[in-house]
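Biologist: Could you take a close look at how the helices pack here, and then connect that to the rest of the chain?

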Amino acid sequence: MNIVVTGGKGFIGSSVCDRLLKAGFNVISIDNRKRENYYSMNSSIISKEVDVTNYTSLGEIISQADGIIHLAAVSRVIWGEIFPQECIDVNVKGTLNVVEAAKQSKRKPWIILGSSREVYGETDRNPVTEDYPLNPINTYGISKLAAECLVKQYALQNASKTMILRFSNVYGELSDILDRVTPKFILNALLNRPLSIHGGNQIMDFTHIVDTVDAIERAVHFMNSISEDKFFDHFHILPGESNSLYDLVEYIKLNISKNVRVELGKRREYDVDKFTGNPDKAKELLGFKCKIKYKEGVKKTINLFEKELQNNKPKAVQKFKEDSKCELL
Ligand SMILES: NC(=O)c1ccc[n+]([C@@H]2O[C@H](COP(=O)([O-])OP(=O)(O)OC[C@H]3O[C@@H](n4cnc5c(N)ncnc54)[C@H](O)[C@@H]3O)[C@@H](O)[C@H]2O)c1
């Protein structure tokens with residue numbers, strides 16, 4: 001069985017490709033990134049350098065797919081604010097292309113879309129369930145909501161299998177975008193640099209990459225095992241745990257024998273202040289529950305990054321610099 005993973009060289013996509021390969025699938029990665037993302041890709045994964053906004057090239061690959069995990073995206077809120085046109089182009093047009101190509105395919109592939117908790121915007125109660133009103137407050141959230149609608153529409157019009165997984169602040173590997181808050185704080189602390197908190201007491205529902213990939217693998221097995229063709233709805237993939245950025249700083253302090261300095265920066269109007277998701281629906285349908293608590297995940301990530309800085313510091317620091325590009329603009 002062929003599974004196409006778009007964004008297969010990304011943080012989540014690369015781990016998903018590895019996991020699915022181990023599970024015995026033929027894995028085809030689509031990504032427009034030229035270089036590998038920190039770790040080199042297993043040579044048994046078929047890697048295609050294709051842009052999801054290019055329908056023709058995408059269509060050729062998707063015609064071979066039995067299932068598609070669509071993760072390619074402008075994947076950060078801040079990038080969506082700085083590059084709004086690219087964000088809409090990749091996240092919306094790219095998704096439309098995936099859906100259209102799937103529609104044209106004789107194999108009628110199922111689609112799992114990697115969406116985001118950003119579709120809710122600011123919520124007035126937490127934890128949020130999947131039926132909470134959708135009011136995104138930034139370009140990225142709007143693009144993800146549009147992508148969700150396209151995928152759902154594909155299922156309804158074509159009687160095809162689709163599912164939407166809403167991820168939340170995934171962290172835990174060097175292949176992450178190291179400018180995201182968890183890796184960035186950890187690396188800054190390890191490199192004796194201050195940790196900059198924008199605004200104050202934001203609450204997030206952080207998810208360890210191993211849990212995210214477990215959930216995606218379960219979703220794949222579910223899609224393959226079920227004969228019914230329909231839209232299987234939206235599911236939170238998160239632990240349902242509230243942690244503030246100050247909690248993150250505390251967890252770092254617990255594990256690093258250095259003086260950790262915090263700087264307070266201005267709140268950014270496009271950031272959601274508080275979000276915690278209810279994870280029960282994914283548990284009911286997929287039997288999925290996150291296993292790694294944030295405090296434990298931060299410790300694991302510190303150990304991983306510490307070891308890497310000891311063994312491979314120039315490579316890790318170079319990636320950190322490249323991933324911080326937005327702050328350098
Ligand atoms: N990491 C998180 O915390 C998080 C949270 C919520 C949702 N998500 C979603 O999960 C998915 C994966 O996120 P990630 O953290 O792995 O991000 P990532 O940026 O590491 O991976 C995205 C990949 O998509 C590729 N890509 C971008 N534009 C492309 C294009 N035009 N054509 C082909 N490939 C393209 C990039 O090169 C990259 O390898 C994204 O859809 C993201 O929106 C991630």
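Modeller: Helix axes are lines fitted to C-alpha atoms over the stretch in contact, and angles between N-to-C directions run from 0 to 180 degrees. Helices (H or I, at least four residues) and strands (E, at least two) are DSSP runs, numbered from the N terminus. Keep in mind that this is a predicted model: local features need pLDDT of at least 70, side-chain atom pairs count only at pLDDT 80 or more, and totals for chains, interfaces and linings use all residues. Residue numbers start from 1 along each chain as its sequence is written.

Okay, let's zoom in on α2 (residues 55–62), which packs against α4 at about 45 degrees, with the two axes 9 Å apart. That makes α2 oblique to α4 (under 35 degrees is roughly parallel, over 145 roughly antiparallel, 65 to 115 roughly perpendicular, the rest oblique). The crossing is right-handed, meaning the near helix is turned clockwise from the far one by less than a right angle. On the α2 side, the contact uses Tyr-55, Leu-58, Gly-59 and Ile-62. Their partners in α4 are Asn-97, Val-98, Glu-100, Ala-101, Ala-102 and Gln-104, where contact means C-beta atoms, placed from the backbone, within 7 Å. Sorted by class, this contact has six nonpolar residues, three polar and one charged (Ala, Val, Leu, Ile, Met, Phe, Trp, Tyr, Cys and Pro are nonpolar, Asp, Glu, Lys and Arg charged, the others, Gly among them, polar).

Now stay with α4 (84–104), since this helix also helps line the ligand: α4, α1 (11–22) and β5 (110–116) each give at least two residues to the shell around the ligand. With three residues, α1 gives the most. Of the 24 residues around the ligand, Gly-7, Gly-10, Ile-12, Ala-73 and Ser-75 come nearest (near means a C-beta atom, placed from the backbone, within 6 Å). The shell holds 10 nonpolar, 10 polar and four charged residues.

For a second helix pair, try α8 (residues 245–255) and α10 (residues 294–323), whose axes come within 9 Å and cross at roughly 50 degrees. That makes α8 oblique to α10, and the crossing of α8 and α10 is right-handed. From α8, Leu-248, Tyr-251, Ile-252 and Asn-255 meet Lys-295, Val-298, Lys-299 and Ile-302 of α10. Here the split is five nonpolar, one polar and two charged.

Note on methods
Two residues are in contact if their C-beta atoms, placed from the backbone, lie within 7 Å.
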